[in-house]
Amino acid sequence: MNASIIDVHTHVFDPDLPDFGRPDVPVVRHRGPTQIEVWYADRFYRHLDERSWAVTARLADMDAEGVGVQVLSPTPITLCHNTEPATAVRLAAHQNEFLAGLVAASPDRFLAFGHIPLQSPSEAVRELDRCLNDLGFAGVEIGTQVGDLALSDETLTPFWEAAHRHAATVFIHPLDHCVDPRIVSSGAGFGLGMPTETARAAADLLLAGTLDRYPDARVLLAHGGGSLPAVLPRLAFGQTILSPREPGVASVLDTARRLWSDSLTYDAESLMLCASRFGPEHLVVGTDYPFSAREQPAGAVLDGSRFTTPVADGIRHGNALALLGRSRSSALSHKEIR
C-alpha cells in the first residue's frame, strides 16, 4: 500500500447521550465501563463497546489496518429526523459538541460529519453553518428521509441552498426505521432493505432535479450507493417513458456522475459497477467501523478488483482529499497522506 487510507464511513456514539425522554430518541444503558446498550422506541437496539467513543481504541485499530484518517459521523439511529424540532435541535447541538471533542483529541487523525436537525430547515442551516465554519467539520450526515418527507421536498430547499453555497459534503446514510417492514420481516433488512432505502433517496434527488439545482453540494452515498448502481439504467429508461426529456436536459445517468459513494460493497465486482456509474474518481473507502458490518481490514474489497494501482490508490486516499478538501482540519495534511 502506497499511502494510508482515509476511511470516510465510520460511526461514533456518545455513551453519555442524555435521555431526552422521547421514544423516538435513543436511550443509553451502561453495562460496565466499556459496554453500553442502546434502546430505541422502548426496544433493545444494539450493544456497543468503547471503540464507539474511545480515541485510544480507535487509533489502535486504525494503526493496525493502515488507516491514516477516519471521518467520524453519528450513529444513524441518533439522527432522529422524525422527532419534534426542538428536541432535534438540542440533540444535534449535543452530538456536534461530542464529535468536536473527539476530533480535538486527535486532530491529525480525525475529521467529522456533523448532525443537523433537518426537520427544522432554518435551524438546519444554522447548524450546518456552525459545523463547517465554527467546528471545522468536513460535512454533515443526513438520513434518507425527514419524517414522511423525501429529501427533495421543497421545505428542505434552504438546506440544499446552504449545502450548495458551502460546497458541503452531505453523507446520506439509510435509517433502520425507514426500511420497508415487509423486507425486515423476511430477514433481509440489512441485505436488501438498507441498500434499497439508499437507492430510493438518491433516485428521488435525481428525478426531482435537486442535484441539478444545487450542483456544488457534494452528495456521498453510503454502502456503495446501495442498489442504485444496479437500477440506474432502468431508472433512466423509466424517466423517458414518464416524462420525455427536452433537448439539453441531462439524463439521470449523466447526473448520477455527480454523486460520490463509499466502497462498502463487500464485493469487488459491485465496486467496479459503482466506478462505472459514478466514475472511479468519485469512490472513497468506507468501512462502517466499528460495527459488526464493517469491512475488515479497511479497503479489502480493492484487493479483488481490477482497478489499476493509481485508481485504487485514488480510492484509498486521493479521492477523499478532493471530496473533503474544504475542511480546515489538520488531518488532511497528515504526514502519511500528503
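In what follows, Ala, Val, Leu, Ile, Met, Phe, Trp, Tyr, Cys and Pro count as nonpolar, Asp, Glu, Lys and Arg as charged, and the others, Gly among them, as polar. The model is predicted.

Start with the whole chain. It has 11 helices and 13 strands. Its C-alpha trace spans about 60 × 45 × 45 Å along the principal axes. A compact globule of 338 residues would have a radius of gyration near 20 Å, and the chain, at 19 Å, agrees with that. Of the 338 residues, 58% count as buried. Contacts tell more about the fold. Among those with a separation of 6 or more, 72% are between residues 24 or more positions apart. The chain exposes about 13700 Å². Carbon and sulfur atoms supply 53% of that area.

Now the largest pocket. Its volume is about 820 Å³. Its lining is made of 36 residues. Gly189, Phe190, Gly191, Met194 and Pro195 lie nearest the centre of the pocket. Four elements give two or more residues to this lining: S4, helix H6 (189–207), helix H8 (228–242) and helix H10 (268–278). H6 gives the largest share, five residues. By the classes set out above, the lining divides into 19 nonpolar, 13 polar and four charged residues.

Next, the enclosed space. How many cavities of 30 Å³ or more does the count give? The count comes to one. About 60 Å³ of space lies in this cavity. Its lining consists of Asp7, Asp61, Met62, Glu65, Val67, Gln70, Thr287, Tyr289, Arg294, Glu295 and Ala298. Helix H1 (55–65) and strand S5 (67–74) are the elements that give two or more residues to it. H1 gives the largest share, three residues. The lining divides into four nonpolar, two polar and five charged residues.

H1 deserves a closer look. Its buried residues are Val55, Ala57, Arg58, Leu59, Met62 and Glu65. Two of the names in that set, Met62 and Glu65, also appear in the cavity lining. In an α-helix there are 3.6 residues a turn, so residues three or four places apart point the same way. What covers the buried residues of H1? The cover includes strand S1 (5–12), S5, H2 and strand S6 (110–115). After H1 comes glycine 66, with a positive phi near 75 degrees.

From there, move on to strand S5 and glutamine 70, which lies in it. Is glutamine 70 buried or exposed? Glutamine 70 counts as buried because its relative accessibility is 2%, and the cut-off for buried is under 20%. Leaving out residues up to four places away in sequence, glutamine 70 touches Asp7, Thr10, Arg58, Met62, Arg109, Phe110, Leu111 and Tyr289. Among these, Asp7, Met62 and Tyr289 also line the largest cavity. Arg58 and Met62 are among the buried residues of H1. Glutamine 70 can also be placed against a distant part of the sequence. Alanine 331 is 261 residues away along the chain, yet the C-alpha atoms of the two are 8.8 Å apart.

Tyr289 leads to the backbone. Most residues other than glycine have a negative phi, and most peptide bonds are trans. This model has exceptions of both kinds. The peptide bond from tyrosine 289 to proline 290 is cis, with omega near 5 degrees. Proline 290 sits in the loop between strand S13 (283–284) and helix H11 (309–324). Another cis peptide bond joins glutamine 296 and proline 297, with omega about -5 degrees. Proline 297 is also placed in the loop between S13 and H11.

Two residues that are not glycine have a positive phi. For alanine 41 the angle is about 55 degrees. Alanine 41 is found in the loop between strand S3 (35–40) and strand S4 (43–49). With a relative accessible area of 38%, alanine 41 is partly exposed. For cysteine 80 the phi is about 50 degrees. Cysteine 80 lies in the loop between S5 and helix H2 (85–105). Which class does cysteine 80 fall into, buried or exposed? At 3% relative accessibility, cysteine 80 counts as buried.

Key
Residues numbered from 1 in each chain as written. Predicted model: local features only at pLDDT ≥ 70, side-chain atom pairs only at ≥ 80, totals over all residues. Heavy atoms only, no water. 1 Å grid on protein atoms, 1.4 Å probe; cavity = no way out; pocket = protein on both sides within 12 Å on 5 of 7 lines; lining within 4 Å. Points joined across faces, edges and corners; volume = space filled by probe spheres on them. Rg over C-alpha atoms; globule rule 2.2 N^0.38 Å. Buried < 20%, exposed > 50% of the residue type's maximum accessible area, 1.4 Å probe, protein only. Contact = heavy atoms within 4.5 Å. Areas by Shrake-Rupley, 256 points an atom, 1.4 Å probe, with all protein chains shown as cover.
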